Amino acid sequence: AGVSYLGIGSDEAGSMILGTATDFNQTWGRETLTLTQAGNVGIGTTSPSNLLSVHGSGYISSNLFVGGTLTATSTVLLATTAGNVGVGTAVPNTPGGYDPVLEISGLFPSIHLEDTAQTDFEISNFNGLFGISVGAASPTFVITDGSLVGIGTTSPLFKLAVESASEGNLFQLYDTDGNCRQDPDSGGITTTCSSDARLKSN
């Protein structure tokens, strides 16, 4: 095996460079660390644009604290040793004992989905309810911890509760030869059915 040296020098910009040298006269083999006159430190780069610029992969064996916004230009992966991902928690787990693929923990944990047309969808734990929101603060669809389903209401009292803020049909049932709509009124449920010619064949 050949002999390698630790080299300390500077470049034309006045930056201090620490790296490995192939001979005693400091013919650079690999420039490992750069300290610029502006005080920026580069690891794996000789032109750091921030206080610390690391070009390449890294490994942190303990906690990492970021006091400001964490911005990534590629995929961000926060994983436990079991291969699961925790956001807001270091130990993703489920009440059923099964390992989750993703756990989000917080006061109101949610996943926000927005397309290029700025159409908003949100999946959240809304005050203990599984909720799906469509461009609104309150969920449009909820499931309680008692397995009650609510559409248009966040406090369903039955297996399925559907609520509307306006008068009109709430349900539609149709097949290949008919179309029925149901409107809950004070005297009962009004059902209106019609033949749908568009769905018929000669």
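**Exercise 1. S147 and N127**

Task: Decide whether S147 is buried, exposed or partly exposed, and say why. Then do the same for N127, and state the sign of phi in each residue.

Solution:
1. S147 has a relative accessible area of 46%, so it is partly exposed. The classes are buried for under 20% relative accessible area, exposed for over 50% and partly exposed in between, with a 1.4 Å probe and protein chains only.
2. The model is predicted: local features need pLDDT of at least 70 and side-chain atom pairs pLDDT 80 or more, while totals for chains, interfaces and linings use all residues. Residues are numbered from 1 along each chain as its sequence is written, and side-chain values use heavy atoms, leaving out hydrogens and water.
3. N127 counts as exposed because its relative accessibility is 57%.
4. S147 sits in the loop between β11 (141–143) and β12, and N127 in the loop between β9 (120–126) and β10 (129–134). Strands are DSSP runs of E with at least two residues, and helices are runs of H or I with at least four, numbered from the N terminus.
5. Phi is positive in S147, near 65°, and also in N127, at about 55°; neither residue is a glycine. Most residues other than glycine have a negative phi.

**Exercise 2. Two buried residues**

Task: Say why T153 and S124 count as buried, and list what each touches beyond four places in sequence.

Solution:
1. T153 lies in the loop between β12 (149–151) and β13 (160–162). Its relative accessibility is 9%, so it counts as buried.
2. Beyond four places in sequence, T153 touches V142, A161 and E163. Contact here means heavy atoms within 4.5 Å.
3. A polar atom of the T153 side chain lies 3.1 Å from the backbone nitrogen of S155.
4. S124 belongs to strand β9. It counts as buried because its relative accessibility is 9%.
5. With neighbours within four places left aside, S124 is in contact with P109, S110, L129, F130 and G131. Its C-alpha atom is 6.3 Å from that of I111, 13 residues apart along the chain.

**Exercise 3. Strand β15 and D183**

Task: State how β15 is joined to β14 and to β16, then describe the surroundings of D183.

Solution:
1. β14 (residues 171–174) and β15 run antiparallel and are joined by four bridges. Two strands pair if DSSP finds at least two bridges between them. The bridge partner of Q172 in β15 is R181, and a hairpin of four residues connects β14 to β15.
2. On the way to β16 (residues 188–194), seven bridges join the antiparallel strands. Two residues lie between β15 and β16 in their hairpin, and D185 stands opposite G188.
3. D183 is in β15, which covers residues 179–185. Beyond four places in sequence it touches E167, G168, N169, G188, I189 and T190.
4. D183 is buried but has no salt bridge, meaning a side-chain nitrogen of Lys or Arg within 4 Å of a carboxyl oxygen of Asp or Glu. The nearest side chain of opposite charge is R181, 11 Å away. Lys and Arg count as positive, Asp and Glu as negative; His and the chain ends are not counted.

**Exercise 4. The whole protein**

Task: How many helices and strands does the protein have, and what share of its residues is buried?

Solution:
1. There are zero helices and 16 strands.
2. Of the 202 residues, 18% are buried.
3. Among contacts between residues at least 6 apart in sequence, 2% join residues at least 24 apart.

Key:
A polar contact is a pair of N or O atoms within 3.5 Å; within protein, one must be able to donate a hydrogen and the other to accept it, and residues adjacent in sequence count only if both atoms are side-chain atoms.
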